[in-house]
Amino acid sequence: MAGRIPENFINEVRNSVNIVDVISQYVSLEKKGKDYIGLCPFHQEKTPSFTVSESKQFFKCFGCGKGGNVFKFMMYKENLNFPESVKAVAKFANVTMPEGIGMGAAKLSPLKQMYKEATEFYHHILMTTKIGQRARDYAAKRQLNEDLLQHFNIGYAPNNENILLTYLRQQGYENKLLEESGLFVKSQQGELFDRFRDRLMFPLADEGGYTVGFSGRRISDDPEVAKYMNSPETEIFNKSKLLFHFFEAKKAARSENRLILYEGYMDVIAAYRAGIKSGVASMGTSLTEDQVYMLRRITPNIIINYDGDNPGVHAAERATKLFDKVPGFNLGIVVLPDNLDPDEYVKKYGVERYQGEIAGALAPLEFLLKRLASKYNLQNDREKLAYINEAIKLIAQVNDPVANDLYIEKLAKQTSATRESLKASLLREQRRLRQVQRHKTVVSKANNSDPPQIDLAPIHEDEDPAIIRLFYLFIHSEESRKYLLSKRFLFPDESYAELAELWLKYHQSHENADIKGFVDFIPDRLQEIVANVEMTDMPPEYSKKEVDDQLESLRRKNIRKKLANLQSEIKEAQIKQDNATVLKLVSELITLKRQVN
């Protein structure tokens with residue numbers, strides 16, 4: 001598995017990083033006791049079940065079951081093979097790979113490779129060719145300087161019906177993949193033509209930074225041509241599960257300690273020009289739950305800065321309610337004045353003033369109350385009372401006494417109502433909400449007699465606490481290992497038995513054998529078992545009596561399993577009226593029961 005990379009180099013790379021630092025690039029981790037927890041990057045969840053052990057340098061998700069060391073994490077997250085994962089971790093640790101070893105680029109899927117080449121092709125046309133001059137002039141007018149063009153890898157699709165098609169065919173791509181790519185349209189006669197023409201091209205990257213689609217912005221003034229054109233959804237591109245600039249922004253989030261959510265990619269670029277590197281945007285669609293979970297895995301600190309016009313403010317209101325469904329966010333909302341979007345605001349008022357707007361982001365409830373107040377004429381008593389009633393309903397949903405007091409105080413000043421009367425209304429509304437919740441719970445229990453389906457990690461068929469404990473001691477205690485071998489103990493589970501045999505070989509061939517190195521030299525199917533054992537909280541102390549007790553537990557379990565099988569065989573023999581077999585099986589049953597007793 002790792003033969004081409006020297007083992008001592010693999011150990012050096014592994015020992016040069018802290019798994020917490022590496023995983024923190026992808027997941028917002030919070031320290032709980034001696035471990036770190038966060039939302040799993042491999043499946044969607046509301047309650048964190050993803051655990052990282054700094055002392056053991058392992059991770060484990062108790063929801064989906066994935067686990068391993070730092071290399072395994074990179075293999076899962078970036079879809080890498082083992083040598084590629086070593087290279088990725090080495091890069092993170094600033095450790096130079098040995099010359100000529102493991103230096104090949106990660107092999108992409110054919111479709112991702114095609115998009116990579118298309119991105120480079122469009123970018124080359126924009127930056128270096130005569131045909132790209134018109135697009136460069138347009139980019140300059142939009143304040144897209146060379147640094148921005150390079151950072152966002154922006155390109156240009158010329159007004160030519162088959163320039164990209166011709167280029168990709170020259171690279172050896174066949175018609176079937178070209179048709180599936182979404183980069184071309186097919187005529188009724190079956191001919192392919194470039195989908196994007198005379199457009200500034202903005203690559204759309206996945207979480208790993210690989211281009212999976214494009215958004216093209218027309219550079220002509222022709223109103224008959226759509227202003228924006230996005231790639232259609234393909235095998236690798238699903239816009240509801242993608243955020244523009246996410247790969248780069250999650251790195252910046254570590255220093256800025258936040259992510260800023262925008263409506264469009266031009267807003268992200270304007271923010272980047274203003275010195276804000278942690279901007280992301282959904283791709284012309286309403287925010288989705290998948291995107292909310294993507295953000296939560298990186299940081300709880302999110303600022304929404306949609307356009308300042310009515311549709312933008314409405315979208316921000318919807319997004320605020322969507323974020324409220326996922327616990328743990330520290331949300332802020334920026335509403336820019338004069339109906340401006342961030343790109344327009346930066347151009348009109350400058351960088352410093354825009355950064356001030358970001359620093360003054362509103363709390364969600366403050367934003368919703370301001371939004372609510374704008375719908376009423378507070379000079380009219382009838383409308384003021386209606387506003388107070390709706391505002392109380394919003395405040396009552398916040399389960400925080402300090403926040404309740406703060407907003408009741410603000411509401412009293414805003415409406416000239418007394419604080420006492422507003423507090424009384426709030427308490428009444430909170431009682432009503434509790435009654436509604438109790439009713440929902442009763443109805444839910446009545447309508448759902450079956451227990452809810454819970455997505456649990458797959459459990460090994462014969463997994464047993466005694467096996468886990470004995471394997472832990474077999475690995476970590478030489479005395480226990482020798483004791484178990486002296487008793488000729490064999491693990492009853494085939495996977496554990498294979499692991500024990502592999503450990504003995506590894507231990508004999510390595511002077512300083514440890515579990516961190518061992519896990520890189522065993523088959524993938526066994527690595528999660530080791531991670532599960534390592535992430536199980538167990539005392540290092542033991543006694544021979546404990547080992548004997550664990551062995552006895554396994555012996556009894558094995559006998560009970562045999563008893564259950566015998567009872568099934570006896571029933572079958574009775575149905576067939578095979579009395580001789582029944583007598584033979586009953587005799588075996590009695591013997592086994594004596595062994596249990």
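Two strands pair if DSSP finds at least two bridges between them. Let's start with that, everyone, and go to a pair you can find on the screen. Strand S9, residues 199-205, and strand S10, residues 211-218, pair in the antiparallel sense over seven bridges. Helices (H or I, at least four residues) and strands (E, at least two) are DSSP runs, numbered from the N terminus.

Before I go on, a word on what we're looking at. This is a predicted model, where local features need pLDDT of at least 70 and side-chain atom pairs count only at pLDDT 80 or more, while totals for chains, interfaces and linings use all residues. Residues are numbered from 1 along each chain as its sequence is written, and side-chain values use heavy atoms, with hydrogens and water left out.

Back to the strands. Where S9 and S10 run side by side, alanine 205 stands opposite threonine 211 in S10. Both strands belong to an open sheet of four, in the order S6-S9-S10-S11, with antiparallel pairing. Which strands stand at the edges? They are S6 (155-157) and S11 (228-230); each has a single partner strand, so one side of each is left without a neighbour in the sheet. From one strand to the next, the twist averages 35°. Helix H5 packs on this sheet and touches S6, S9 and S10, and its direction makes about 35° with that of S10. For those angles, axes are lines fitted to C-alpha atoms, for helices over the stretch in contact, and angles run from 0 to 180 degrees between N-to-C directions. Contact, by the way, means heavy atoms within 4.5 Å.

Just before S6, have a look at asparagine 153, in the loop between helix H7 (146-151) and S6. Most residues other than glycine have a negative phi. Asparagine 153 has a positive phi of about 55° although it is not a glycine. With a relative accessible area of 30%, asparagine 153 is partly exposed. Here buried means under 20% relative accessible area, exposed over 50%, and partly exposed in between, with a 1.4 Å probe and protein chains only. Asparagine 339 also departs from that pattern, with a positive phi of about 60°; you'll find asparagine 339 in the loop between strand S15 (330-333) and helix H14 (342-349).

Now zoom out. The protein chain has 26 helices and 15 strands, and its C-alpha trace spans about 90 × 75 × 55 Å along the principal axes. Of its 597 residues, 47% count as buried.

So what sits inside? A nonpolar core is a set of buried Ala, Val, Leu, Ile, Met, Phe, Trp, Tyr and Cys residues joined through side-chain atoms within 4.5 Å. The largest one has 60 residues, and Leu183, Leu200 and Phe244 are among those with the most contacts inside it. Its largest share, nine residues, comes from helix H5, residues 110-128. A second, separate core of 47 residues includes Ile298, Ala319, Leu331 and Ile392.

On to charges. A salt bridge is a side-chain nitrogen of Lys or Arg within 4 Å of a carboxyl oxygen of Asp or Glu, and by this rule the count comes to 33. One of them joins glutamate 317 and lysine 321 at 3.6 Å, N to O. These two are four residues apart in helix H13 (310-323), so they are separated by about one helical turn. Glutamate 317 is buried at 12% relative accessible area, while lysine 321 is partly exposed at 47%.

Another salt bridge links arginine 469 with glutamate 546, the closest N and O atoms being 2.7 Å apart. Arginine 469 lies in helix H20 (465-476) and glutamate 546 in helix H25 (544-575), so the pair ties together parts that are 77 residues apart in sequence. Arginine 469 is buried, with a relative accessible area of 6%. Elsewhere, salt bridges that share partners join Arg142, Arg273, Asp343 and Lys347 into one network.

Last stop: arginine 14, in helix H1, residues 7-16. Is arginine 14 buried or exposed? It is buried, with a relative accessible area of 7%. A polar contact is a pair of N or O atoms within 3.5 Å; within protein, one must be able to donate a hydrogen and the other to accept it, and residues adjacent in sequence count only if both atoms are side-chain atoms. The side chain of arginine 14 makes one with the side chain of asparagine 11 at 3.0 Å, and another with the side chain of aspartate 520 at 2.7 Å. Leaving aside residues up to four places away in sequence, arginine 14 touches Asn69, Val70, Phe71, Lys516, Gly517 and Asp520. Thanks for listening, everyone!
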